[in-house]
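Here is a short report on one protein. Look over the sequence and the fold before reading on.

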Amino acid sequence: MSLDGGKPGVAAKNSRDRGVEGVVVTTSVPVRLEHAKDIHPGVDVPLLRDAVVAERTLWTPAELHELTAVVASELATPLLDIVRFDTTRRWWTRLALTMGVELWLLSWAPGQGTEPHDHGGASGSFTVSIGELDEDYRYPTGPVRSAGRRAGDTIAFGPERAHQLHNRSARPATTVHAYSPPLRPVREYRSLRDFTGV
């Protein structure tokens, strides 16, 4: 099963919410929240309630960068209580959802990674909180580039970007991801060279 650095690809998109419980959620329909914010009970603290501004309906890459960086650093202890590592399949859980943003915690056992994918027109950000990942990425008219992402690194991007993440180290890694608008279906590619834009 493949999960991108936060959102799964088209086939995995609906499997994202299957990550732990096996429940399939269709993500291409509008979300109706009972409350302005849906927050994981393990991180339902004032810092996160304030950080996921319910009134903000569209987040910029800079705002997403700040969100994932703050959550990864300031909520490190509760995130360690939540995260699980599974060597047989990818693990993830949603930390928060508003009408403007979704926030995820992902774990990466050694050898785990994603297929090349975009985020369906959403802007995004991810912060490596533990370990390290390798990222290959591409903008529509540019070359495929590669970068190592280490604990503390935060990468934010606009909607015109595709990437692939992989844990090639011998140690597990965790990341915090945010996307806006939330719940956009993403597309997987055979190769990043196949990405021509959203």
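The report goes from the overall make-up to the cores, the strands and the rings.

## Overall make-up

This is a predicted model. The protein has 198 residues, and 48% of them count as buried. Its secondary structure comes to four helices and 10 strands. Read from the N terminus, the order is α-β-α-α-α-β-β-β-β-β-β-β-β-β.

Now consider contacts between residues with a separation of 6 or more. Residues 24 or more positions apart account for 74% of these contacts. The exposed surface is about 9,000 Å². Carbon and sulfur atoms supply 51% of that area.

## Two nonpolar cores

In soluble globular proteins, nonpolar side chains tend to be buried together. Here the largest nonpolar core holds 21 residues. Within this core, V71 and L103 touch the most other members. Five elements each supply at least two of its residues: α3 (61-74), α4 (76-82), β2 (91-97), β3 (102-108) and β10 (173-180). The top contributor is α3, with four residues.

What does L103 contact, leaving aside its neighbours within four places in sequence? The list is L48, L67, T68, V71, R94, L95, A96, V176, H177 and A178. A second core is separate and has 13 residues. Among them are V128, L133, I155 and A173.

## An open sheet

Four strands make an open sheet. Their order is β4-β9-β6-β7, and the pairing is antiparallel. At the edges lie β4 (117-118) and β7 (145-150). Each of these two strands pairs on one side only.

Take β4 in detail. Two bridges join β4 to β9 (residues 162-166), and the two strands run antiparallel. In this pairing, D118 of β4 stands opposite A162 in β9.

## Strand β5 and its partners

Is strand β5 (residues 123-130) largely enclosed or open? Six of its eight residues are buried, so β5 is largely enclosed by the rest of the structure.

One partner of β5 is β10: the two pair in the antiparallel sense over seven bridges. The bridge partner of V128 in β10 is T175. V128 also belongs to the second core. Another partner of β5 is β8 (residues 154-157), joined to β5 by four antiparallel bridges. Here F126 stands opposite I155 in β8. I155 is also a member of the second core.

## Aromatic pairs

A pair of aromatic rings is described by the distance of the centres and the angle of the planes. The whole structure has two such pairs. In one, the rings of Y137 and Y139 have centres 6.3 Å apart. Their planes lie at 85°, so the pair is edge-to-face. Y137 is buried, with a relative accessible area of 16%. Y139 is partly exposed, at 40%.

The other pair is Y189 and F195, with ring centres 5.7 Å apart. Their planes lie at 75°, so this pair is edge-to-face as well. Both Y189 and F195 are buried.

## Charges over rings

Which ring does the charged end of R56 sit over? The ring belongs to W59, and the charged end of R56 is 4.4 Å from its centre. R90 has a ring beneath its charged end too: that of W108. Here the distance to the ring centre is 3.7 Å.

Conventions:
Residues are numbered from 1 along each chain as its sequence is written. This is a predicted model: local features need pLDDT of at least 70, side-chain atom pairs count only at pLDDT 80 or more; totals for chains, interfaces and linings use all residues. Side-chain values use heavy atoms; hydrogens and water are left out. A nonpolar core is a set of buried Ala, Val, Leu, Ile, Met, Phe, Trp, Tyr and Cys residues joined through side-chain atoms within 4.5 Å. Buried means under 20% relative accessible area, exposed over 50%, partly exposed in between (1.4 Å probe, protein chains only). Contact means heavy atoms within 4.5 Å. Two strands pair if DSSP finds at least two bridges between them. Accessible areas come from the Shrake-Rupley method with a 1.4 Å probe; for residues, only the protein chains shown count as cover. Rings of Phe, Tyr and Trp (its six-membered ring) pair if their centres lie within 6.5 Å; planes under 30 degrees apart count as stacked, over 60 as edge-to-face and the rest as tilted. A charge sits over a ring if NZ of Lys or CZ of Arg is within 6 Å of the ring centre and within 35 degrees of the ring normal.
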